[in-house]
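Please open the model in your viewer and keep the sequence panel beside it, since the tour moves from one selection to the next.

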Amino acid sequence: MAMEPQRLMRLATVASMSVALILIVAKLAAWRITDSVSMLSSLVDTSLDLVSSMVTFLAVRHALVPADDDHRFGHGKAEGLAGLVQAGFIAASGCALLVAVVERLGNPKQVREEMVGLVISGLAIVLTAVLVSFQRYVVRRSGSLAIGADMAHYATDLVATLLTGGGLFLSGLLDLPLIDSGVAGVVALYLLHGGWKVGRASLDVLMDRELPADESKRIEEIARSHAGVIDVHELRTRSGGLTKFVQLHIEVARDLSLVDGHEIGQEVEMEIARAFPAAEIIVHVDPAPAV
């Protein structure tokens with residue numbers, strides 16, 4: 001039996017924290033041995049991964065708490081808050097790395113024992129790639145914003161580790177320490193870009209941005225396909241974590257009884273629910289304008 005989305009989300013948060021802890025220990029040792037600024041950049045990124053994973057761990061657990069008397073729409077926006085915090089961490093780590101790169105460019109040092117760094121980079125690439133693949137599966141099953149933000153962070157870390165490994169190899173092969181610093185600079189800029197993307201997606205949820213145009217179009221098509229629906233208007237949508245909220249007005253024949261109009265509204269609601277099973281749907285039934 002397939003694992004339910006809520007359980008997958010909890011498992012994903014534990015997996016991300018475990019991978020981050022392993023990689024922090026490994027990269028810390030590699031940085032101390034190699035004195036590589038690009039390895040330091042990867043270590044800083046992974047350390048921020050651990051912090052963001054802990055934020056995700058707490059946010060997911062809060063987001064999965066059922067609706068109560070004080071939060072009738074649930075706690076799903078905790079995921080948006082977590083994503084915004086993660087975006088701040090990503091941007092902060094990118095800025096810190098740029099400072100380190102500027103300092104190292106003014107005082108370049110050749111890396112030592114680059115083979116150690118390459119081995120650690122290889123380990124990090126394997127673990128991170130497995131984790132990102134699992135997180136992508138969880139996001140596909142659950143639509144979780146917090147897990148998606150965490151996945152984006154680790155995907156950034158994967159790219160950073162690939163660049164770090166390449167920088168270490170070329171820096172040692174060509175005896176050019178500036179390659180190491182250049183790689184770290186690229187990683188820092190990539191972090192800033194990743195932080196912007198995560199932050200924008202999180203703000204969309206917190207500010208009740210409409211669902212993607214294709215989903216809104218699909219909802220309207222479902223409503224219009226019912227034989228008893230004459231027109232559809234005032235479609236409003238938003239997302240609150242795992243739950244999507246849909247409100248719309250449908251017009252039915254003026255001479256229908258209240259019971260018949262209500263039944264059409266329920267049928268439209270059920271059809272939309274089949275296409276969007278995690279959505280909360282409100283269908284308001286209006287009489288069509290008099291001719």
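Select Leu235 first and show its side chain: this residue is partly exposed, with a relative accessible area of 22%, where buried means under 20% relative accessible area, exposed over 50% and partly exposed in between, for a 1.4 Å probe and protein chains only. Leu235 is found in strand β1; strands (E, at least two residues) and helices (H or I, at least four) are DSSP runs numbered from the N terminus. The model is a predicted one, in which local features need pLDDT of at least 70 and side-chain atom pairs count only at pLDDT 80 or more, while totals for chains, interfaces and linings use all residues. Residues are numbered from 1 along each chain as its sequence is written, and side-chain values use heavy atoms, with hydrogens and water left out.

Which residues does Leu235 touch, not counting residues up to four places away in sequence? With contact taken as heavy atoms within 4.5 Å, Leu235 touches Glu210, Ser216, Ile219, Glu220, Val246, Gln247 and Leu248. Now draw a distance from Leu235 to Val246, eleven residues apart along the chain, and their C-alpha atoms are separated by 7.4 Å.

Next, select helix α7, residues 213-224. Its twelve residues should span 16 Å at 1.5 Å a residue, and its end C-alpha atoms are 16 Å apart, which agrees; the expected span is 1.5 Å times one less than the number of residues. Colour Glu215, Ser216, Ile219, Ile222 and Ala223, the buried residues of α7. They cover an arc of only 125 degrees around the axis, which puts them on the same side of α7, the arc being that of the directions from the helix axis to the C-beta atoms. Adding β1 (231-240), β2 (243-252) and α8 (258-275) to the selection shows what these buried residues pack against. Turn to the face of α7 directed away from its buried side, and there you find the exposed residues Ala213, Asp214 and Lys217.

Then select Arg238 and Phe245: Arg238 lies over the face of Phe245, at 4.1 Å from the ring centre, under a rule that asks for NZ of Lys or CZ of Arg within 6 Å of the ring centre and within 35 degrees of the ring normal.

Finally, show the whole protein chain, which has eight helices and three strands, running α-α-α-α-α-α-α-β-β-α-β from the N terminus on. Buried residues make up 44% of its 291 residues, and among contacts between residues at least 6 apart in sequence, 75% join residues at least 24 apart.
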